Structure formats: structure tokens, C-alpha cells
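Open the model in your viewer, switch on the cartoon, and keep the selection box handy. We will move from stop to stop, choosing something to click and then looking at what is there.

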Amino acid sequence: MNLVLTTAAVGQNDQLAFWREAMAENAVPVAVTPHVDGPFTGRITTARVGFLRVSTVEADAHRTSRTASHIARSPERFVAIAVQMSGRATVAQDGRAGHAGQGGLLVYDTARPYSLDYPERFSARVVHMPRRALGLPDSDLRRVTGTAIDTGQGCGAVLLPFLTTLVDSADSYTPSAAGRLAASVVDLFATLVAERVREEGADEETSRGLLVARIRDHIERNLGDPALAPEGIAKAHHISVRYLHRLFEGEGITVGRLIQRRRLEECARELGRGGRAAPTVSSVAQRWGFVNPAHFSRVFRGAYGISPREWRSLSAGLNGDRSKTFAVPLRRSLPRAGGQQTRLSDLRAGRDPCGQHVGVAVGEVGAAGDVGPAAPYGE
């Protein structure tokens, strides 16, 4: 049986207080602030469909707010879906807002503060679902609460007519039918949440990939800056250092190691060019961000198994006459990333310690004594 609560039952001076009590009885306690002075009129028709509370709400323009003190007085949790039948509405929760006109859907959680703003007289169908009946994690539920649901496609397009009919015919269902319909609402809503989680997950992955690409580009453009470090990179991209490191968890390398690896690769490339005007080892190191020559020599040897000078000598020999004898200890097995070993043949083939081709002039000498073109760099 439907219950009708209307301000027409009380005097003008008592209408606002009556409306607040009606809202608390029908759903949860809230504060009500009319947008205009004078009489406030409203009507709620409410009923039960299984474990759902359903209602039709019609009222003058006003703002409804549920605060932490309201929640403390009525801790029972509901998730509400409001179908906007006429007028406009805005829901605000968790720092975001959803807007709906006629035919729109708004979702909010009564267990957390929220507000509903109606700038004009309106009519809405509202379904309150007990939170315990949903079986959804809070992290997933928060993806839809405080938002407007697209009713042009997906589950929103199914929910809109279904909920409207459910509320309008609430007093016509048998108890068994009402129970099945209530379960159907929960299933549809859970599907809607799963749909939103999937969509946002794809969006987040795309955004993450774009951000990582921008960070990598920033690193490439600033390799020669000795101050290049995670703190400055995070600041330049308006993210925290912690989030920066989280972004690179899926990249197989830390930010600091990426910077060092790319600097070493560029140093190896430049030292391998040879020629009469070959730069000194220290000048190459400084150009690519290494301030301390001893540190540079140590990390270069750790990556390539030989010192920078030996690397340059080896490259110069391989670029020179075929008849030259190179003073390279053939028994040496060069360390490769991940504990593997890099053989000298890898260097001749133009591969770095990670097995990738690098642009240094090392490789098998061609028939005319020349080295073939270096393979381009790439991640």
C-alpha cells in the first residue's frame, strides 16, 4: 500500500518542518533549504517493493543536504537511484557533481555526506537500495555515487524505464513478484557498476600510458641536466614522487635506473663514434649529466664490463683497418642486466648489455673495412 505525505495536510508555517520529517521517514534525515521565501509545497508517495524503498517526490525548488551529524543519527546505509521526471537536479558527493534533466539518473550513497539541489519545481522517482543487499566493494561503488548515469546506452538505458515502471506500479505486485523485482534491480545496478569500473579502468590505463610516455620524453630531453631526478620529474608533471614510482612499477625499471641507463647509452654511443676530433671521456660524461668522472667510470664498467676508455679503444679499432689487433681480453664475459652475460660478440653485433641494438660504431668489419650504419636507439 502506498503512503502519501503532503504539505497540504499542515498549515503554511509548518510546511517546511513537515517536509523535513517526511524526508526522514521516507528515506534518511536531511537538512532542507528552500530556494525562495514563502510557502513550501511538496508531496511524497512512498511504498515498498521487496526490500526496496520506492517513492515519487514532487516539491518546490530547494536544496537537500545530508551531513555527518545526520549520518551519525541514522547509520543505516542506502544507495539511492533518482530518476528525474521533470525539472533539473544536481547531486554532489565525494568532491564531484552530477547533473540531470528530464530523463536523467542520479546515484548517491546515504552513508556519506551529499547534497541534492533542485533549482526549480521538480518531480523524481527514487529507489533506495539497502547497502548490505548490493554486495559491492566500496571502491567500486564510489565510481558511480555522486554522478549522473548515461541513459542513452548500456545499463542506464535499461534502468531508466525499468525503475520508472517499478515505482509507478509499486502497489500492484504480489510479495513474491516484489522480491524478484527487487533482486533484479540490484542485479542491474551491480551490472551498471561493473560497466563503469571497466570503462574507467580502460580510461585509467590509457591515461597512465600517456603520462608515462610524457615522462619518458621529459627524461630524454633533460638527460644532460645533472639535477634530473624523480623529485623534479614528479613536480614537472604535477604528481607525487610516490605516484611517479607507482607508474613505473609496470615498466620493468625504476625512474632512477632509467635515467642512468639512458645516460650510459648516450655516452657509449658518443664514445663509439671515434674520429680524429673524438671528445674526451670526461667531456662526454659531463655532457650527459655525470658530474663525477670516477662515478661515471664505475657505473659504465658495471653496465658494459669495460671502462669508458676501453670501450672507445675497442670502437676505434673496429672502425679502423681490418688488420689491426685489438687488445681486448677475449676471456672476459661482460655482465648483462638480470645476471646474464654479454659476450664480446654482442658488442661486435652492436648490442648493449640488455641485448638491444645501440648506436655505437661497433660491429663486424665489412668487406671494405667499414662498419655498417648503427642501429637507431629505441626503448
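What span should the twelve residues of helix α10 (residues 293-304) have at 1.5 Å a residue, and how far apart are its end C-alpha atoms? Keep in mind as you look that this is a predicted model. The expected span is 16 Å, and the end C-alpha atoms are 16 Å apart, so the two agree.

**Stop 1: around helix α10**

With residues 293-304 still selected, show the side chains of Phe296, Val299, Phe300, Ala303 and Tyr304, which are buried. Now turn the view to look down the axis of α10: the buried residues fall within an arc of 115°, so they line one face of the helix. On the face turned away from that buried side you will find Arg298 and Gly302, both exposed.

Next, visit the two ends. Select asparagine 292, which caps the N-terminal end of α10. One of its side-chain oxygens lies 2.9 Å from the backbone nitrogen of alanine 294. After the helix comes glycine 305, which has a positive phi, near 85°.

Before leaving, add Phe290 and Trp311 to the selection: together with Phe296, Phe300 and Tyr304 they form one aromatic cluster.

**Stop 2: the largest nonpolar core**

Which residues have the most contacts inside the largest nonpolar core? Select Ile215, Ile219 and Phe296; these are the ones, in a core of 33 residues. Colour the elements that each give two or more residues to this core: α5 (175-221), α6, α7, α8 (255-271), α9 (281-287), α10 and α11 (308-319). Of these, α8 contributes the most, with seven residues.

Centre on isoleucine 219 for a moment. Leaving out residues up to four places away in sequence, isoleucine 219 touches Leu228, Ile233, Val255, Leu258 and Ile259. A separate core of 29 residues lies apart from this one, and Val83, Ala170, Ala182 and Val186 are among its members.

**Stop 3: helix α8**

Now select α8 by itself. Its 17 residues should span 24 Å at 1.5 Å a residue, and the end C-alpha atoms are indeed 24 Å apart. Is α8 largely enclosed or largely open? Of its 17 residues, 13 are buried, so the rest of the structure largely encloses this helix.

**Stop 4: two histidines in one loop**

Go to the loop between α6 (230-236) and α7 (241-247), where you will find histidine 237. Histidine 238 is in the loop between α6 and α7 too.

Is histidine 237 buried or exposed? It is buried, since its relative accessible area is 16% and the cut-off for buried is under 20%. Its side chain reaches the backbone oxygen of isoleucine 233 at 2.9 Å. Beyond its neighbours within four places in sequence, histidine 237 is in contact with Leu211, Arg214, Ile215 and His218.

Click on histidine 238 next. At 75% relative accessibility, histidine 238 counts as exposed. Its phi is positive, near 60°. Most residues other than glycine have a negative phi.

**Stop 5: aspartate 94**

For another positive phi, select aspartate 94, where the angle is near 55°. You will find aspartate 94 in the loop between β7 (89-93) and β8 (96-100). With 39% relative accessibility, aspartate 94 counts as partly exposed.

**Stop 6: two distances to draw**

Select glutamine 12, in the loop between β1 (3-6) and α1 (15-26). Glutamine 12 is exposed, with a relative accessible area of 52%. Draw a line from its C-alpha atom to that of threonine 41: the two residues are 29 residues apart along the chain, and the C-alpha atoms are separated by 8.8 Å.

Then select alanine 72, in helix α2 (residues 68-73). Alanine 72 is exposed, at 64% relative accessible area. From alanine 72 to alanine 111 the C-alpha distance is 9.2 Å, with their positions 39 residues apart in sequence.

**Last stop: the whole chain**

Zoom out and show everything. The chain has twelve helices and 14 strands. Buried residues make up 44% of its 379 residues. Among contacts with a separation of 6 or more, 66% join residues 24 or more positions apart.

Notes. Residues numbered from 1 in each chain as written. Predicted model: local features only at pLDDT ≥ 70, side-chain atom pairs only at ≥ 80, totals over all residues. Heavy atoms only, no water. Helix = DSSP H or I, 4+ residues; strand = E, 2+ residues; numbered from the N terminus. Expected span 1.5 Å × (residues − 1). Buried < 20%, exposed > 50% of the residue type's maximum accessible area, 1.4 Å probe, protein only. Arc of directions from axis to C-beta. Polar contact = N/O pair within 3.5 Å; in protein donor to acceptor, adjacent residues only side chain to side chain. Phe/Tyr/Trp six-rings, centres within 6.5 Å; stacked < 30°, edge-to-face > 60°. Contact = heavy atoms within 4.5 Å. Core = buried A, V, L, I, M, F, W, Y, C linked by side-chain atoms within 4.5 Å.
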